[in-house]
Amino acid sequence: MTKQVRQLDRVVIRFAGDSGDGMQLTGDRFTSETAQLGNDISTLPNFPAEIRAPAGTLPGVSSFQVHFADFDILTPGDAPNVLVAMNPAALKANLADLPKGASIIVNTDEFTKRNLAKVGYASNPLEDGSLEGWAVAPVGLTSMTVKALESHGVSKKDAERAKNMFALGLLSWMYSRPHESTLRFLERKFAARPELVAANIAAFNAGWNFGETTEAFAVRYEVKPAKMTAGNYRNITGNAALALGVVAAGVRAELPVFLGAYPITPASDILHELSKHKKFGVTTVQAEDEIAAIGVALGASYGGALGVTTTSGPGVALKGETISLAVALELPLLIIDVQRAGPSTGLPTKTEQADLNMALFGRHGEAPVAVIAPRSPADCFDAAIEAARIALTYRTPVILLSDGYIANGSEPWRLPEVADLPDLRTEFATEPNGEDGTTFLPYLRDPVTLARPWAVPGTPGLEHRIGGLEKADKTGDISYDPANHDFMVRTRAARIEGIEVPDVEVEDPDGTARVLVLGWGSTYGPIGAAARALRQRGLPIAQAHLRHLSPMPKNLGAVLAAYDKVVIPEMNLGQLAGVIRSKFLIDAIAYNQVRGLPFTAAELESVLEEVVKNA
């Protein structure tokens, strides 16, 4: 039968099911197919914290949302146009996010009395009329997959597990996705078990053929490639981009990279990725705990490597004492904090921006460090290189604040030319620097950066004292002198304040805006989408986004003073807003949510519209 083909400019699809249903894999493969086609993409994985929540329950629902379009997009979408629900729990957990008229593809095989009762359905929503506002397509995903694999010699359990590939095949047909890479992926993934390769490929093809032949889906959709800057692209997650940025920083600095890490959600993927790059001089150590992890990283920096440690909020708390030691030693160190919802263990797999105060102030004594934050998954690569630049140039710990939304989300990334990356080479001290020509002064500073010499242990004639006790100016001897302590504290603070960072840029197309919306980190996408929507409706609004949070750009005060009102949306209770109020004495308007989920563009558009109209 001939199917109608309809052109769309954008689509948001959410795959949802049990954590064992392979929704993350399904979403990832659909995203990879979409990236190959050239659409702009943004994704939002969402999974439970439990290793294996009870099957069929609401706490066990895992989902993957992908937004793809033929134009530049900034977010994974506010609401799905299509929900693929593998069981009643997936339907119930996600139905409230679905606008009326959206499509729901439901795996009818899982809508048994037992599964319905698990999530509190008194009657079957597929039969009681409660889904009349949506376009529901009931499909027996499990039974059709098992039927398709009858001749493949796999167990019933393995056949049922392949239902996600059937769903992927169906959606790939429905949205005209290329699928050759998925078939190659399955060949690699199940290479040790050829029968599973054949079974999963058969399940995928069965889903594709079902879409092609069934009368249930009369329309096929196409989303044309987006117009993007010429270059080589790949789809990349924030964690992968951070890891590759660290590798690139090591190469451009001509230094070995040493990662000391303890596994913690959602930062562990950085350790996994960096462990693959030994050929670039990367050494990874999975330490016994968070304190040991930063200890070995700082030791590596002392030994002349680019020391890196990765963690999330609870780990930063444990690392605090060693960060203070790095401040006193004045050595380069990268601390990558992939923030998650807290306090304490909190919501380990959900996102938040609540570690800013800890990054800025969370150490004993006066212990300032540089703090930067990437704004999107692809931007993590550049942010990692910038963090390394600051750490190496100014001999300071740098805290890089990513978060779960950025870490697990993905978008297209244009591969840079290596020659275009900054030169991060730094010189080690090789000879005495005292006036007598024989003395080494480990705290004799560069007059511009205030950085002290970096002397690799074992360099003849450069023996010097290290440790956490206060150092005497220039000599580095232990000093309890009050005047010296005051001088050293002020000098370390001046070194951070003197870091050269780019001016903050303001997006104010017609220059008539009276309201500025200021953000940092992963709020960039929702803020940008909301501001874009307001401008399209004729409401002027300016947007600025901070990458450098310590020190802040030197023009920030003037930028803030140029607007009547400043709105700061954050996924916390107003941490940046508090800093801006105290530092610049402006009455910033804080808009805050701490739900473990990113802002939607629609909610920010509504909030900002009211501020603009009342400005």
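Modeller: In this predicted model, helices are DSSP runs of H or I with at least four residues, and strands are runs of E with at least two, numbered from the N terminus. By that definition, Ala89 is found in helix 2, residues 88–94.

Biologist: Is Ala89 buried or exposed?

Modeller: Buried means under 20% relative accessible area. Ala89 has a relative accessible area of 1%, so Ala89 is buried. Beyond four places in sequence, Ala89 touches Gly56, Thr57, Leu58, Val61 and Val119. Thr75, in turn, is 14 residues from Ala89 in sequence and 26 Å away in space, C-alpha to C-alpha.

Biologist: How should the packing of helix 11 and helix 12 be read?

Modeller: Two packed helices are described by the angle between their axes and the distance between the axes. Here the axes of helix 11 (residues 290–302) and helix 12 (residues 313–329) come within 8 Å and cross at roughly 25°. Angles under 35 degrees count as roughly parallel, and helix 11 and helix 12 are therefore roughly parallel to each other. Their crossing is right-handed.

Biologist: Which residues of helix 11 and helix 12 meet?

Modeller: Helix 11 contributes Glu290, Ile291, Ala293, Ile294, Gly295 and Leu298. From helix 12 come Gly315, Leu318, Lys319, Thr322, Ile323, Leu325, Ala326 and Leu329. The residues of this contact divide into nine nonpolar, three polar and two charged.

Biologist: What span should helix 9 have?

Modeller: Helix 9 (residues 238–253) has 16 residues, which at 1.5 Å a residue should span 22 Å; its end C-alpha atoms are 22 Å apart, so the two values agree. Helix 9 is mostly covered, with 14 of its 16 residues buried.

Biologist: What is the phi of Glu254, which follows helix 9?

Modeller: Most residues other than glycine have a negative phi, and most peptide bonds are trans. Glu254 is not a glycine, yet its phi is positive, about 55°. Glu254 lies in the loop between helix 9 and strand 10 and, at 57% relative accessibility, counts as exposed. Lys474, also not a glycine, has a positive phi of about 70°. Lys474 lies in the loop between strand 16 and helix 16 and is partly exposed, with a relative accessible area of 36%.

Biologist: Where does a cis peptide bond join Ser550 to another residue?

Modeller: The cis bond joins Ser550 and Pro551, with omega about -5°. Pro551 lies in the loop between strand 20 and helix 18. The peptide bond from Gly342 to Pro343 is cis, with omega near 5°, and Pro343 is found in the loop between strand 13 and helix 13.

Note on methods: Residues numbered from 1 in each chain as written. Predicted model: local features only at pLDDT ≥ 70, side-chain atom pairs only at ≥ 80, totals over all residues. Heavy atoms only, no water. Axes fitted to C-alpha atoms, helices over the stretch in contact; angles between N-to-C directions. Parallel < 35°, antiparallel > 145°, perpendicular 65-115°, else oblique. Left-handed = near helix turned anticlockwise from the far one by under 90°. Contact = heavy atoms within 4.5 Å. Nonpolar A, V, L, I, M, F, W, Y, C, P; charged D, E, K, R; others polar. Expected span 1.5 Å × (residues − 1). Buried < 20%, exposed > 50% of the residue type's maximum accessible area, 1.4 Å probe, protein only.
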